[in-house]
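Here are some notes on the structure, set out as numbered points. Please read them with the model open.

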Amino acid sequence: MRSIWNGAISFGLVSIPIKLVNATESRSVSFRQIHTEDGGRVRYKKVCELDGEEVAAADIGKAYEEADGTMIPITDEDLAALPLPTAKTIEIVAFVPAGEIDPLQMEAAYYLSANGVPAAKPYTLLREALKRSDKVAVAKFALRGRERLGMLRVVDEVIAMHGLLWPDEIRAPEGVAPETPVTVREAELDLADALMATLGEVDISTLHDDYRTAVEEMIAAKAEGGEAVAPPTPGEEGGGQVIDLMAALESSVRAAKEARGETAEVADVTPLKSRKKSTPKTPAKKTTAKKATTTKKATTTKKAAAKKTTTRKRPA
């Protein structure tokens, strides 16, 4: 792999010559802009807005634009004169647990390769120290004209570096969370847990870009003089608004279990504890009281009947 930057890792007083190599690559299909009328390529020209003339790359410089539109020219010499200790050095400033790095900060990833035989020993030393400490190194480095923040960690037997955004470049999530008060029932959480358990884990290496595959197939079909691939027939279930959350969760668990060849019985997967109710004791008391009242009424009726009979037997 071709290196994009040569320098050294500064590890205290130890200097490790290294090469920086891109660890990732884009596999997305790129398109050109064309004139739809005749298929000709549409190209951009860099034109000076003052004289309207096209400007060659060698004649293009940098400038900082102020709020009022004033341009302040900045030359490469101006930038080179700035004190930048990390211009050719990845300066390790601390070692921290990996959990302290917010994933929101992570940008591009690079591999660090030992540059030359003398660099092999200190490179291996740093790699093994990172492994044993179970920590990552936080470093500062300069790339493409500005100082950046980085995180060094071990990937297999290689030291990798992730570019990091500076803390003040991360926006606070203000006004993003739902503002409407929402209550989530235990039964809904039970079903969500069941769905998570049913979906299980996945080997990331088995996932692929279905859209890119479809684009490549379409391009191949058109290149052979055929028509574009027909879009798939939409399923019965659309992506509309979810009206019944419980029903949607139950259907999701059932579908996930069927996809894995398991029995699609949601009841076996989700014990909804919140739906269970203990047998109330109040009705039993009411029943007992009702029986007592009925017995009392019957006794009173019998006594009245007996009294009436006695009265009728008395002589005149």
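1. A salt bridge here is a side-chain nitrogen of Lys or Arg within 4 Å of a carboxyl oxygen of Asp or Glu. Glu157 and Arg127 satisfy this through their side chains, at 3.6 Å from N to O. Glu157 sits in the loop between strand 8 (146-155) and strand 9, and Arg127 in helix 2, so the pair ties together parts that are 30 residues apart in sequence.

2. On the basis of these notes: this is a predicted model, in which local features need pLDDT of at least 70 and side-chain atom pairs count only at pLDDT 80 or more, while totals for chains, interfaces and linings use all residues. Residues are numbered from 1 along each chain as its sequence is written, and side-chain values use heavy atoms, with hydrogens and water left out. Helices (H or I, at least four residues) and strands (E, at least two) are DSSP runs, numbered from the N terminus.

3. How exposed are the two partners of the first point? Buried means under 20% relative accessible area, exposed over 50%, and partly exposed in between (1.4 Å probe, protein chains only). Arg127 counts as buried, at 13% relative accessibility, whereas Glu157 is partly exposed at 43%.

4. Helix 2 also holds a salt bridge between Glu128 and Lys131, with their closest N and O atoms 3.5 Å apart. The two residues are three apart in the helix, so about one helical turn separates them. Glu128 is partly exposed, with a relative accessible area of 34%, and Lys131 is partly exposed at 35%.

5. In helix 4 (residues 210-223), Glu216 and Arg212 lie four residues apart, about one turn of the helix. Their closest N and O atoms are 3.9 Å apart, and the pair forms a salt bridge. Glu216 is partly exposed at 41% relative accessibility, as is Arg212 at 24%. Elsewhere, Arg127, Glu128, Lys131 and Glu157 are joined into one network by salt bridges that share partners. The whole structure contains nine salt bridges.

6. The largest nonpolar core has 20 residues, and those touching the most other members are Ile9, Ile18, Ile90, Leu112, Leu152 and Met161. A nonpolar core is a set of buried Ala, Val, Leu, Ile, Met, Phe, Trp, Tyr and Cys residues joined through side-chain atoms within 4.5 Å. Among the elements giving two or more residues to this core are strand 1 (3-11), strand 2 (14-22), helix 2 (120-133) and strand 7 (136-143). Strand 7 gives the largest share, four residues.

7. Which residues does Ile9 touch, not counting those up to four places away in sequence? They are Val14, Ser15, Ile16, Ile18, Ile90, Ile92, Leu112, Leu126 and Leu152, where contact means heavy atoms within 4.5 Å. A second, separate core of eight residues includes Leu195, Met246, Val253 and Ala256.

8. Helix 3 (residues 186-199) has 14 residues and spans 20 Å from first C-alpha to last, close to the 20 Å expected at 1.5 Å a residue; the expected span is 1.5 Å times one less than the number of residues. Ala187, Glu188, Asp190, Leu191, Ala194, Leu195 and Thr198 are buried in this helix. They cover an arc of only 155 degrees around the axis, which puts them on the same side of helix 3; the arc is taken from the directions from the helix axis to the C-beta atoms. Met196 and Ala197, on the other side, are exposed. Gly200 follows the helix and has a positive phi, near 65 degrees.
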